[in-house]
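Student: Please take a close look at the disulfide question in this model. Then work outward from there.

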Amino acid sequence: EPEDPSNPPKFCPYSIPCIFILIIFLSLFIVFFSLSAPYSTRNIDKLAYVLALGLDIGNSNTLKLSVQLAKPSNGSNGSSGTAYEKIVNSVECASIEAGISLLNSYISRRLDLSHCKAIVISEKLAHKGVSEYMYTLLSSPRTSPHASIIISKIPSEDFLNIASPELEDLPSRFYEITLASNEYTSYTQNVTLINFFSDCVDSFKNPVATLGSSSSLPISPADNIENIGLAVFKNDILVGELNAEESILHMMVSNKLKSCTISIPNPIGDSESINLSIKLAHNTKNSVSLVNGTPFISSDVKINAKIESATQKSSYGNSSYYSKENIQLIEESCNQYLKKALNDYLYKTAKEYNCDIDGFGKYAVKYFPTIKDWQDYNWLDNFQNSTFNVNVETTIKSGNTFL
């Protein structure tokens, strides 16, 4: 009905301020109680932060679980702030969750894995399979999916006891610094928990993980940890390993190479070898074709290189290393060296390990119109029948001191 202008509705001048006060009060009430409960249970004074988690075969139980914890202490070496010492505790248990509960029972603080930098798995355990542990860790909201996976050639507890930085006060920096070294050495690859698990269940490729070991065997407290090489997996089972040079070749084929230094035969003749700093000029072009059902894989690799070490004059008279003729000789020597090395590496992964760790499967899937056709072909088992064709093109760039 139309409003009666002669009888306007009554209006309370205090209604709007009262509503605003009520809204503010309710908001403060909700915020206060929503924050108070988590704080009481997740107070940092009641938590023990796990820097690294170790998994190994137990003596009497299925699993030996080790944790490397950060222990706050006073500043050292005259520096202000807080330094950290590391503590390693281990228990034998039936599962990861059971082991964490056991550790919580006699450690005065609750274990917190949200800042865990690495998951160290012993070589013995990896040979039996690690899928159940990957499922457990990823299904737990307390574990960071970006923790690095390291396969240790020594017991995981020993690895955690030795692993520490020589030039840093924080033990957590060890995992950050050493695993980041692959950016300029390519001697290994930093593989995270989520990526490792994804490759384990993938039908296109097989997983790899960082290979870690002591600098000497048997180990001693003075030893250092070396993260060099890659552990190769068939599904979730460790089947082999790659050395530092083979890791470089893997990074080269899979387009993960940033930069590294290699030694090739010196074609000039004044020394046995010559060091080159190399990086990819373009992404490696990989292609797969099926010949009578057998994979035929081609890889075209283009490299930019700089001479790292060389004498000023070559043995060919007074000709400089950077003369046109000698540059061509060095480029051809690098082409031949890398072509042979890549062929050896690819046939090793295919014939010896039967593992497609470079992800060639994603180039082959286009030949299968349905998922069932792809699953029936079983790429990861047929990869061992592959043949390879590798082409390498190297371009020598002038160094800063030789222009």
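Tutor: A disulfide here is a pair of cysteine sulfur atoms within 2.5 Å. By that rule the structure holds zero disulfides. This is a predicted model, so local features need pLDDT of at least 70 and side-chain atom pairs count only at pLDDT 80 or more, while totals for chains, interfaces and linings use all residues. Residues are numbered from 1 along each chain as its sequence is written, and side-chain values use heavy atoms, without hydrogens or water.

Take Cys260. The closest cysteine sulfur belongs to Cys334, 9.8 Å from the sulfur of Cys260, so the gap is too far for a bond. Cys260 is also buried, at 2% relative accessibility. Buried means under 20% relative accessible area, exposed over 50%, and partly exposed in between, with a 1.4 Å probe and protein chains only. Cys116 counts as buried too, because its relative accessibility is 4%.

Cys355 is another buried cysteine, with a relative accessible area of 1%. Cys355 sits in the loop between helix 9 (324-352) and helix 10 (361-364). Helices (H or I, at least four residues) and strands (E, at least two) are DSSP runs, numbered from the N terminus. The C-alpha atom of Cys355 is 7.6 Å from that of Val232, although 123 residues separate the two along the chain.

Val232 leads to strand 8, which spans residues 225-234. Strand 8 pairs with strand 9 (residues 237-242) in the antiparallel sense, over five bridges. Two strands pair if DSSP finds at least two bridges between them. Phe233 faces Leu238 of strand 9. The two strands make a hairpin with two residues between them. In that turn, Asn235 has a positive phi of about 60°.

Back to cysteines, with helix 7 (residues 193-200). Its buried residues include Cys200, along with Leu193, Phe196, Phe197 and Asp199. They cover an arc of only 165° around the axis (taken from the directions from the helix axis to the C-beta atoms), so they lie on the same side of helix 7.

Strand 1 (residues 47-56) is mostly covered too, with nine of its ten residues buried. Strand 1 has a parallel pairing with strand 4 (residues 110-112), over three bridges. There, Tyr49 has Asp112 as its bridge partner. Strand 1 also runs parallel to strand 5 (residues 118-122), joined by four bridges. Gly54 has Val120 of strand 5 as its bridge partner.

Now the empty space. A cavity is a set of points on a 1 Å grid over the protein atoms alone, where a 1.4 Å probe fits but cannot get out; lining residues have an atom within 4 Å of a point. The count is one cavity of 30 Å³ or more. The largest cavity holds about 30 Å³ of space, a volume filled by probe spheres set on points joined across faces, edges and corners. Its lining is Ile96, Glu97, Ile100, Leu113, Leu137, Ser140, Arg142 and Thr143. Helix 2 (residues 96-106) gives the largest share of that lining, three residues.

One loop glycine completes the tour. Gly293 lies between strand 12 (285-291) and strand 13 (294-309). Gly293 is partly exposed, at 38% relative accessibility. The C-alpha atoms of Gly293 and Asn382 are separated by 9.2 Å, with the two residues 89 apart along the chain.

Conventions
1 Å grid on protein atoms, 1.4 Å probe; cavity = no way out; pocket = protein on both sides within 12 Å on 5 of 7 lines; lining within 4 Å.
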